[in-house]
Amino acid sequence: MPKLDNIFISHACDILAETNSGLSGSKIIEYCNSYAIDYDKVIPHSTNPFKAPNKRTALRENLMVFEAKEQFCIIKELCDLSCFSKNEEVKEC
């Protein structure tokens with residue numbers, strides 16, 4: 001099954017894991033681990049601290065393991081988190 005466009009994934013990760021208003025590294029790991037269990041996937045970054053240079057990269061590399069439909073659902077669910085309810089950039093994603 002195909003993957004979502006890498007540019008879209010990268011853009012979404014830049015917004016969702018933004019330093020000041022995005023998810024923390026521990027929250028990224030928490031959510032990604034939950035999705036990995038739900039979709040029976042092995043993700044590269046399942047513990048914090050992760051081996052990626054930053055949390056945006058960790059989120060992107062984790063998302064790349066999932067199929068397109070799964071990627072879309074995960075990004076949508078993350079965008080719908082209450083912590084992003086007033087974040088206009090996330091609403092546009």
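Me: A polar contact is a pair of N or O atoms within 3.5 Å; within protein, one must be able to donate a hydrogen and the other to accept it, and residues adjacent in sequence count only if both atoms are side-chain atoms. Which backbone oxygen lies 2.7 Å from a polar atom of the side chain of Lys55?

Reply: This is a predicted model, in which local features need pLDDT of at least 70 and side-chain atom pairs count only at pLDDT 80 or more, while totals for chains, interfaces and linings use all residues. Residues are numbered from 1 along each chain as its sequence is written, and side-chain values use heavy atoms, with hydrogens and water left out. The backbone oxygen in question belongs to Leu23.

Me: In which helix does Lys55 lie, and is Lys55 buried or exposed?

Reply: Helices are DSSP runs of H or I with at least four residues, numbered from the N terminus. Buried means under 20% relative accessible area, exposed over 50%, and partly exposed in between (1.4 Å probe, protein chains only). Lys55 lies in helix α3 and is buried. Among the residues that Lys55 touches (heavy atoms within 4.5 Å) are Ala17, Glu18, Leu23, Ile28 and Phe50, leaving aside residues up to four places away in sequence.

Me: Which side chain of opposite charge is nearest to Lys55?

Reply: Lys and Arg count as positive and Asp and Glu as negative, whereas His and the chain ends are not counted. A salt bridge requires a side-chain nitrogen of Lys or Arg within 4 Å of a carboxyl oxygen of Asp or Glu. The nearest such side chain is Glu18, 7.1 Å away, and Lys55 has no salt bridge.

Me: How many salt bridges are there?

Reply: The count comes to four. One of them joins Lys27 and Glu30 at 3.3 Å, N to O. These two residues stand three apart in helix α2, and therefore about one helical turn separates them. Lys27 is partly exposed at 34% relative accessible area, and Glu30 is partly exposed at 43%.

Me: Which residues are joined into one network by salt bridges that share partners?

Reply: Lys41 and Glu67 meet in a salt bridge of 3.8 Å, N to O. Lys41 is in the loop between α2 and α3 and Glu67 in the loop between α3 and α4, so this pair ties together parts 26 residues apart in sequence. Glu70 also forms a salt bridge with Lys41, with the closest N and O atoms 3.8 Å apart. Because Glu70 lies in helix α4, that pair ties together parts 29 residues apart in sequence. The network thus consists of Lys41, Glu67 and Glu70. Within it, Glu70 is buried at 14% relative accessible area, whereas Lys41 is partly exposed at 23%.

Me: Which residues of helix α1 are buried, and what do they pack against?

Reply: In α1 (residues 6-16), the buried residues are Ile9, Ala12, Cys13, Ile15 and Leu16. They span an arc of only 160° around the axis, so they are on the same side of α1; the arc is taken over the directions from the helix axis to the C-beta atoms. Their packing partners are α3 (55-63), α4 (68-79) and α5 (88-92). At the start of α1, a side-chain oxygen of Asp5 comes within 3.0 Å of the backbone nitrogen of Ile7.
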